[in-house]
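Please open the model in your viewer and keep the selection tool at hand. The tour below goes from one selection to the next and says what is found at each stop.

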Amino acid sequence: MVDKQRVIPLIVATALFMENMDSTVIATSLPAIAADIGTSPLTLKLAITSYLLSLAVFIPASGWTADRFGARMVFAIAVGVFMVGSVGCALSTSVTDFVFARILQGMGGAMMTPVGRLVLLRSVDKSALVNAMAWVTVPALIGPVIGPPLGGFITTYASWHWIFLINIPIGLLGIFMALRFIDPIKSEAQEPFDLYGMVLAGIGLAGIAFGLSVAGLNLLPWSTVAALVVGGAISMTLYVLHARRTGSPVLDFSLLKLPTLRAAVFGGFLFRLGIGALPFLLPLLMQIGFGLSPFQSGLVTFASSLGAMGMKTLAARIIRTFGFRNLMTVNAIVSAFFLGVCALFTVTTPLLIIMVILVVGGFFRSLEFTAINTVAYADVETAQMSRATTLVSVNQQLAISAGVAVGAACVETTMWFSHVSELNAAVFAPAFVVVALTSAASSWFFWQMPADAGHEISGRKAAEIASRKGAGKGAEKAAVKAASEDTQDVRDQRLG
């Protein structure tokens, strides 16, 4: 029999890898796509951001949709919608075609991420959750890193159309595997859909995410960017007031009363904000500051993904040894340190040293992401799981958008103070320091968690019990297995 504890995380990870890579691979091929469909790269850049708008609008509906129609079916359909959007992008002959295709991709992507996580939480035992999250975390780190060199390679030696068409075999395999190995679990309680809240949250998130994404990129006037962010903030304020009066909000902020989820949301936002600026700043430093080609730059930055891959086999053991609170508090500072070290890179720094630093930093960043993504659901009840995944996904999307905005703003501010009009290697150092300090600040939120936070899913509590009894590894394994029985029983009962 196939071990679903390993297969299901790989199915979800494959879909998320497809989404993350697609979002970044386009950047390198932008000039070629613009020239082929007869528009300017600037216009096409604005068209590509329509994907972010679609994500922001439809993510709030993902939790309710999964509860209503079943997480397995919604996940498979989301992958299919993303594939159709990919084909539409490849067949686009105008900016209008491209915009509609990217919106369709965004609709699929908005469901794939939170629903994929929900599938994982409902299908994997507690004792295996850390390992499962380690696999799912890898695509989020690898996609932005290999996207630019892959896009440059495909555009140079084949055609930009294949950037989108390579999603088709991956998506078909993902749909087949999902329908074959994921159990058809539905929510027991059907709640009414909060349409008014969906509109307010969609407008608010779209305005904030889109405004932050284009801030500092000189694509829109600052007055327009400010209006988008302020308008989005007003809409989100109205939503918060509305959510207090409804029993089934699309974004349930009452879940923030849970200390582990609150730390994962607020601390995770700061950590992701800093780390999210890395895929934006590092390629620019390599290409503009050091004069490397896009392909060479991609090969250097790919080193961070090697560290992420190395982490996945050790994450569960490390978390079980130190516990979530201790590990996340210290590791946030360690990860931020390696991010800040990038400020010391100069054109004379050997590439081997740069790659070693990126590999080690990638390991610690991936470990922190795995811990954040796992502890967020430690205290969430089964009936609230879909709302929790929606809230976490929205938070992640805003953090990534804010990271790019902060990184770009720091670079522009440094250029203004230095009285330079063109980018050079020196203007990136302050940006790396700022985003590193921002990531390090997340450790305060992680330290606020209870000392035993997430012990049930990390296996640390079971290990401590076994240790006190002096029963050795056999009792420890038995205790860890017992800790997962509740999850197994609940899933079997729901499957009938």
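## A guided selection

Begin by selecting Arg387, which in this predicted model is buried, with a relative accessible area of 14%. Add Asp252 to the selection, since Arg387 forms a salt bridge with Asp252, and the closest N and O atoms of the two are 2.8 Å apart. The pair links distant parts of the chain, for Arg387 lies in helix H19 (residues 385-418), while Asp252 sits in the loop between helix H11 (222-243) and helix H12 (259-276), 135 residues apart. Asp252 has a relative accessible area of 6%, under the 20% limit, and therefore counts as buried. When the whole structure is searched, 1 salt bridge is found.

Next, select the cysteines Cys89 and Cys410. Cys89 has 0% relative accessibility and so counts as buried, and Cys410, at 15% relative accessibility, counts as buried too. How many disulfides does the count come to? With a pair of cysteine sulfur atoms required to lie within 2.5 Å, the count comes to 0 disulfides.

Finally, turn to the surface and select Phe193, Leu195, Val199 and Ile203, which make a nonpolar surface patch of about 360 Å². Within this group, pick out Leu195, which is found in helix H10 (residues 195-214). Is Leu195 buried or exposed? Its relative accessibility is 55%, and because exposed means over 50%, Leu195 counts as exposed.

Methods:
Residues numbered from 1 in each chain as written. Predicted model: local features only at pLDDT ≥ 70, side-chain atom pairs only at ≥ 80, totals over all residues. Heavy atoms only, no water. Patch = residues over 30% accessible without salt bridge, like charges linked within 9 Å, V, L, I, M, F, W, Y side chains within 5 Å. Areas by Shrake-Rupley, 256 points an atom, 1.4 Å probe, with all protein chains shown as cover. Salt bridge = Lys/Arg side-chain N within 4 Å of Asp/Glu carboxyl O. Helix = DSSP H or I, 4+ residues; strand = E, 2+ residues; numbered from the N terminus. Buried < 20%, exposed > 50% of the residue type's maximum accessible area, 1.4 Å probe, protein only.
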